[in-house]
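Let us take a walk through a protein chain together, from its overall plan down to single residues. Please keep the sequence and the 3D view open as you read.

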Amino acid sequence: MVKGILAILIFFVLSFSISEAESNDTEIRKLREKINEQYFSFDTNEWKQLLKTATILKKSNPSDWRISYYSGVICHQLGKILYLPDADQAYDYFDKSIDYLLEAKKKNYTAEIAALLSSAYGKKSSLSPLKAIYFGLKAKDYIYEANELERTNPKVLLIAAIHLMHTPESFGGDKKWAEELLNRALKLNYRQKKVDDVMVNWATEPEIYAYLGQLEILKENFPKAKLYIDKALKLIPDYGFILYDLIPQMERN
């Protein structure tokens, strides 16, 4: 009789644990879907809400690397959005992004995480003149690591290209090489249409077109920049980076 009761109790405990784990996994996957939906938006409030959701999920799933990774992506996006209007806040978000990504790195080090770390350090370098060289070297180290981990990842190629186009030639910048990497990333996107069900879906065609446009703006080739910008807007009409950053750059020039 006692054994029977114990068996029933164990069954219910195990069932509850499995059900709770499945529920948590569902919520984590929903967070990823919302990040994908929001990715091209510059809606700060929506991104902050996603960060709150990630923080709540992290409390109940402290060892799940996916939440650290998603939190890192969210903070990285907030840093990019606030880069022009509020440099101090942007710096803080890139700092938080690095902390989250380093947590994820301990459990699942991927080329994408290395690339995002490189990007966040690169942004901190541009926002911190006193530590620009130190953060710049960290950015360089991580993009090399990302390349070693996965040479044909469009995400790695995109971040490498962004570094090259914004770095002065005297410090290793190379706009021609940046263009080659962006075009290579574009070709890889055309071939690799499979979407990962864990990683965030970025460095896709609209984003690559946007940065090809950015590159042409830096080269002061505005008609060509507009062609790339139009291609990106055709795919994502409300693309925040283009509407609030690239188009104002075009108008100023």
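The paragraphs below begin with the whole chain and then visit some of its parts.

What you see is a predicted model, in which local features need a pLDDT of at least 70, side-chain atom pairs count only at pLDDT 80 or more, and totals for chains, interfaces and linings use all residues. Residues are numbered from 1 along each chain as its sequence is written, and side-chain values use heavy atoms, leaving out hydrogens and water. The term pLDDT is the predictor's confidence in each residue, on a scale from 0 to 100. The chain has a mean pLDDT of 91, and 89% of its residues reach 70 or more. Residues 8–18 are a stretch to treat with care: pLDDT stays under 50 there, and the model has zero contacts for them beyond four places in sequence. A contact here means heavy atoms within 4.5 Å.

How many helices and strands does the chain have? It has eleven helices and zero strands; helices (H or I, at least four residues) and strands (E, at least two) are DSSP runs, numbered from the N terminus. Of the chain's 253 residues, 46% count as buried, where buried means under 20% relative accessible area, exposed means over 50%, and partly exposed is in between (1.4 Å probe, protein chains only). Among contacts with a separation of 6 or more, 65% are between residues 24 or more positions apart. On the outside, the chain exposes about 14000 Å², and carbon and sulfur atoms supply 56% of that area. Such areas come from the Shrake-Rupley method with a 1.4 Å probe; for residues, only the protein chains shown count as cover.

Now let us go inside. A nonpolar core is a set of buried Ala, Val, Leu, Ile, Met, Phe, Trp, Tyr and Cys residues joined through side-chain atoms within 4.5 Å. The largest one here has 77 residues, and Ile 35, Tyr 69, Ile 74, Leu 182 and Tyr 239 touch the most other members. Helix H3 (residues 65–82) gives this core its largest share, ten residues. In soluble globular proteins, nonpolar side chains tend to be buried together.

Helix H3 deserves a second look. Because 17 of its 18 residues are buried, H3 is largely enclosed by the rest of the structure. The end C-alpha atoms of H3 are 26 Å apart, which agrees with the 26 Å that its 18 residues should span at 1.5 Å a residue; the expected span is 1.5 Å times one less than the number of residues.

Ser 68 is one of the residues of H3. Is Ser 68 buried or exposed? Its relative accessible area is 3%, so Ser 68 is buried. The side chains of Ser 68 and Glu 103 are joined by a polar contact of 3.0 Å. That term stands for a pair of N or O atoms within 3.5 Å; within protein, one must be able to donate a hydrogen and the other to accept it, and residues adjacent in sequence count only if both atoms are side-chain atoms. Beyond four places in sequence, Ser 68 also touches residues including Tyr 100, Leu 101 and Ala 104.

Those three are among the buried residues of H4. Helix H4 (residues 87–107) has 21 residues and reaches 31 Å between its first and last C-alpha, close to the expected 30 Å. Its buried residues pack against helix H2 (44–60), H3 and helix H5 (111–127).

Helix H2 is home to Trp 47, which is buried because its relative accessibility is 0%. Trp 47 and Ile 35 are twelve residues apart in sequence, and their C-alpha atoms are 8.2 Å apart in space. Leaving aside neighbours within four places, the contacts of Trp 47 include Ile 35, Ile 74 and Leu 78.

Finally, look at two loops. Most residues other than glycine have a negative phi, and most peptide bonds are trans. Ala 203, however, has a positive phi near 60°; this residue lies in the loop between helix H8 (175–191) and helix H9 (205–218). Glu 220 also has a positive phi, of about 60°, and its place is in the loop between H9 and helix H10 (222–235). Ala 203 is buried because its relative accessible area is 1%, whereas Glu 220 counts as exposed because its relative accessibility is 59%.
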